[in-house]
Amino acid sequence: MNGLRAVVVCLVIACAAVVSPASAVTPGWSALPVPAAAPPVTVSDLAARGPGEAWATGYEHAADGLRPLAYRWDGTAWSRDTGFPGAGEPGWLGKVQFVGAEMWTFRHRSGSGEILRRSAGAWSTVPLPQALWTYQDFAAVPGAAWVVGEDDTGLKVLHHDGSAWTAQSTPDGVRYVMGITARSATDAWAWADTGTGTTVLRWNGTAWRDAKVPLPPDSNVHTVLPEPSGRVTVGGSRYTDGVARTYLMTWDGHAWRTTYPPLGDTSTEAMVHGPDGALWLPVRSDRAFQSKYARVDGPRTTFSYGPERTDAIVVRPRALARAGSSLLSFGTVEIYGSKPNLMSERLGG
């Protein structure tokens, strides 16, 4: 009898160890120190290539105007990079992406634009074939890059094939391209304004065509996330009686499925796939001293808060990126009595 009791006790202890809360707890968000810039600061983008390298871009307000900002994460700490071409000149840095072993970012400089590339610690530039009035977005993958904007003749979609630039045409009726992203040199996506509303375009390696995405009525698009698996997620807002409501559309290879997670009128521009496979995005926080994030996993939406920040009156994550098994956030925090400056947070790691 005593032997049976001992066996039962051992089994209970073993089961308790398996379901121990300590082993099941998901790591929370932690604050990462960021060297301060000249406030107020604006964050443009964040991209990561594994746990040991990430870049964040934006601009600061120096005494004589805007100055571009580039920050590098080495897996341990954030540091400011001032070695890129034109780092001390007026302008700002926009979207940042990893292209193979290189980091690419778009730079607005003295009324013109160019692509900055960093490879093996050295910087180089890719000049554009012409200056545009506005530079709306940028995308790059191995073997291809795109810059979209406008000049005095209207819409421009500039395409780089690795050696030269060409101007690409879009379907009739497209008046303005608001954003662009790419999965490969022969598979790119863009969202555009037309005379009948917002539409999604797709590049197949030969031409841009209407992707025939059945967007909700009276809606816009904030982002498109194409994945290597072939799945595509579109995020945006639908307006009903003047009120915006966030929607998500997912293509599974066969059909589009539309959902309305409880996100209010949150912009999905900073939405990414986290290391857990779920969709993550920053949302407006109901706590002035903490950031807030949404996790959307199929029909379930949950929320988490960043670390408490003493005397903060606004904490705004602006961009997210998956960094190995962790999730990085980069944005601004406004401490009472001062202007917004940089902040970063990490989930896991």
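Select R295 and T302 to begin: T302, in β25, is the bridge partner of R295. Keep in mind that this is a predicted model. Now widen the selection to both strands. β24 covers residues 292-297 and β25 covers residues 300-305. They pair in the antiparallel sense over 6 bridges. Look at the turn of this hairpin. There are 2 residues between the strands, and G298 takes a positive phi near 65 degrees.

**Stop two: a glutamate inside**

Select E345. This residue belongs to strand β28, which runs over residues 341-347. Is E345 buried or exposed? Its relative accessible area is 0%, so E345 is buried. Show its side chain, then look for polar partners. The side chain of S291 makes a polar contact of 2.7 Å with that of E345. The side chain of Y293 makes another with E345, at 2.5 Å.

**Stop three: L342 and the largest core**

Select L342 next. Set aside its neighbours within four places in sequence. What is L342 still in contact with? The list includes V34, P35, A37, V41 and V43. Also on it are L69, Y71, F330, G331, T332 and V333.

L342 is one of the residues with the most contacts inside the largest nonpolar core, along with L46, Y71, W78, L328 and F330. That core has 18 residues. Colour the strands that feed it: β2 (42-48), β3 (54-62), β4 (65-73), β26 (312-323) and β27 (326-335). Each of these supplies at least two residues of the core. As a general pattern, nonpolar side chains in soluble globular proteins tend to be buried together.

There is a second, separate core too. It has 16 residues, among them A139, V148, W203 and W208. Leave the two tryptophans selected for later.

**Stop four: the sheet from β2 to β5**

Show β2, β3, β4 and β5. In that order, these 4 strands form an open sheet with antiparallel pairing. Which strands stand at the edges? They are β2 and β5 (78-80). Each has a single partner strand, so one side of each is left without a neighbour in the sheet. Look along the sheet to see the twist. Ignoring direction, neighbouring strands are turned by 25 degrees against each other on average.

Zoom in on β2 and β3. They run antiparallel and are joined by 6 bridges. Select T42, then find Y59 in β3, which stands opposite.

**Stop five: the sheet from β14 to β17**

Move to another open sheet of 4 strands, in the order β14-β15-β16-β17. Here too the pairing is antiparallel. The edge strands are β14 (174-184) and β17 (208-210), and each pairs on one side only. Neighbouring strands in this sheet are turned by 30 degrees against each other on average, direction ignored.

Now go back to the tryptophans. Strand β16 (residues 197-203) is joined to β17 by 3 bridges, and the two run antiparallel. W203 stands opposite W208 in β17.

**Last stop: the whole chain**

Zoom out and show everything. How many helices and strands does the chain have? The secondary structure comes to 2 helices and 28 strands. The radius of gyration is 22 Å, close to the 20 Å that the globule rule gives for 349 residues, so the chain is as compact as a globular protein of that length. Rotate the C-alpha trace along its principal axes: the spans are about 90 × 50 × 45 Å.

Finally, colour by burial. Buried residues make up 46% of the 349 in the chain.

Definitions and conventions: Residues numbered from 1 in each chain as written. Predicted model: local features only at pLDDT ≥ 70, side-chain atom pairs only at ≥ 80, totals over all residues. Heavy atoms only, no water. Buried < 20%, exposed > 50% of the residue type's maximum accessible area, 1.4 Å probe, protein only. Polar contact = N/O pair within 3.5 Å; in protein donor to acceptor, adjacent residues only side chain to side chain. Core = buried A, V, L, I, M, F, W, Y, C linked by side-chain atoms within 4.5 Å. Contact = heavy atoms within 4.5 Å. Pairing = 2+ DSSP bridges. Axes fitted to C-alpha atoms, helices over the stretch in contact; angles between N-to-C directions. Rg over C-alpha atoms; globule rule 2.2 N^0.38 Å.
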